[in-house]
Amino acid sequence: MGKAVRLDKFLADSGAGTRTDVKKLIQKGMVQVNGEKVKKPELKVDPENDVVELGGCLLYTSDA
């Protein structure tokens with residue numbers, strides 16, 4: 001199992017914008033984790049196991 005990180009940090013590190021930018025996108029409901037809309041930037045995601053989408057575009061999916 002991978003190490004969980006905050007959703008806003010994960011998105012910012014993925015090149016989706018600054019942490020401030022991605023927090024706004026998250027709060028607008030534009031981010032889905034494992035098929036569910038999320039509105040909390042502090043949500044922990046596991047990059048090795050979670051599917052993260054921004055505006056319908058897949059940012060990461062596990063190979064498992």
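Here's a quick tour of this small set of topics: the fold, the core, a charged network and two single residues. The model is predicted, and the mean pLDDT of the protein chain is 90. You'll find two helices and six strands in the chain, plus four salt bridges in the structure. One residue to keep an eye on is Asp 8, which sits in helix H1 and turns up again and again below.

**The overall layout**

- Walk along the sequence and the pattern you meet is β-α-α-β-β-β-β-β.
- The protein chain has 64 residues, and 30% of them count as buried.
- About 4200 Å² of the chain is exposed, with carbon and sulfur atoms supplying 50% of that area.
- Take the contacts with a separation of 6 or more: 41% of them are between residues 24 or more positions apart.

**How confident the prediction is**

- A pLDDT of 70 or more is reached by 89% of the residues in the chain.
- Which element has the highest mean pLDDT, and which has the lowest? Strand E2 (residues 31–33) comes out highest at 97, while strand E6 (residues 57–60) is lowest at 79.

**The nonpolar core**

- Eleven residues make up the largest nonpolar core: Leu 7, Phe 10, Leu 11, Val 22, Ile 26, Val 31, Val 33, Val 38, Val 45, Val 52 and Leu 54.
- Helices H1 and H2 and strands E2 and E5 each put in at least two residues of this core.
- H1 gives the largest share, with three residues.
- Ile 26 is a good core member to click on, so to speak: leaving out residues up to four places away in sequence, its contacts include the core residues Leu 7, Leu 11, Val 31 and Val 38.
- Ile 26 also touches Asp 8, Lys 39, Lys 40 and Pro 41.

**The charged network around Asp 8**

- Some background first: side chains of opposite charge can pair when their charged atoms come close.
- Is Asp 8 buried or exposed? Asp 8 counts as buried because its relative accessibility is 0%, and the cut-off for buried is under 20%.
- Arg 6 forms a salt bridge with Asp 8, at 3.0 Å from N to O. Arg 6 has 28% relative accessibility, so it counts as partly exposed.
- Arg 19 and Asp 8 also meet in a salt bridge, this one at 3.6 Å. That pair links distant parts of the chain, with Arg 19 in helix H2 (residues 19–27) and Asp 8 in helix H1 (residues 7–13), eleven residues apart. Arg 19 is partly exposed, with a relative accessible area of 37%.
- Lys 23 and Asp 8 meet in a salt bridge too, at 3.8 Å. Here again distant parts of the chain are linked: Asp 8 is in H1 and Lys 23 is in H2, 15 residues apart. Lys 23 is partly exposed, with a relative accessible area of 32%.
- Put those together and you get one network, in which salt bridges that share partners join Arg 6, Asp 8, Arg 19 and Lys 23.
- What else does Asp 8 touch, if you skip neighbours within four places in sequence? Its contacts are Arg 19, Val 22, Lys 23, Ile 26 and Pro 41.

**Glu 53 in strand E5**

- Glu 53 is part of strand E5 (residues 52–54).
- Setting aside neighbours within four places in sequence, Glu 53 is in contact with Met 30, Val 31, Gln 32, Leu 58 and Leu 59.
- Val 31 in that list is also a member of the largest nonpolar core.
- Glu 53 and Lys 37 are 16 residues apart in sequence, and their C-alpha atoms are 9.2 Å apart in space.

**Asn 34 and its backbone angle**

- Where is Asn 34? Look in the loop between E2 and strand E3 (36–38).
- Asn 34 has a positive phi of about 55°, although it is not a glycine.
- With a relative accessible area of 43%, Asn 34 is partly exposed.

Technical notes. Residues numbered from 1 in each chain as written. Predicted model: local features only at pLDDT ≥ 70, side-chain atom pairs only at ≥ 80, totals over all residues. Heavy atoms only, no water. Helix = DSSP H or I, 4+ residues; strand = E, 2+ residues; numbered from the N terminus. Contact = heavy atoms within 4.5 Å. Salt bridge = Lys/Arg side-chain N within 4 Å of Asp/Glu carboxyl O. Buried < 20%, exposed > 50% of the residue type's maximum accessible area, 1.4 Å probe, protein only. pLDDT = per-residue confidence, 0-100. Areas by Shrake-Rupley, 256 points an atom, 1.4 Å probe, with all protein chains shown as cover. Core = buried A, V, L, I, M, F, W, Y, C linked by side-chain atoms within 4.5 Å.
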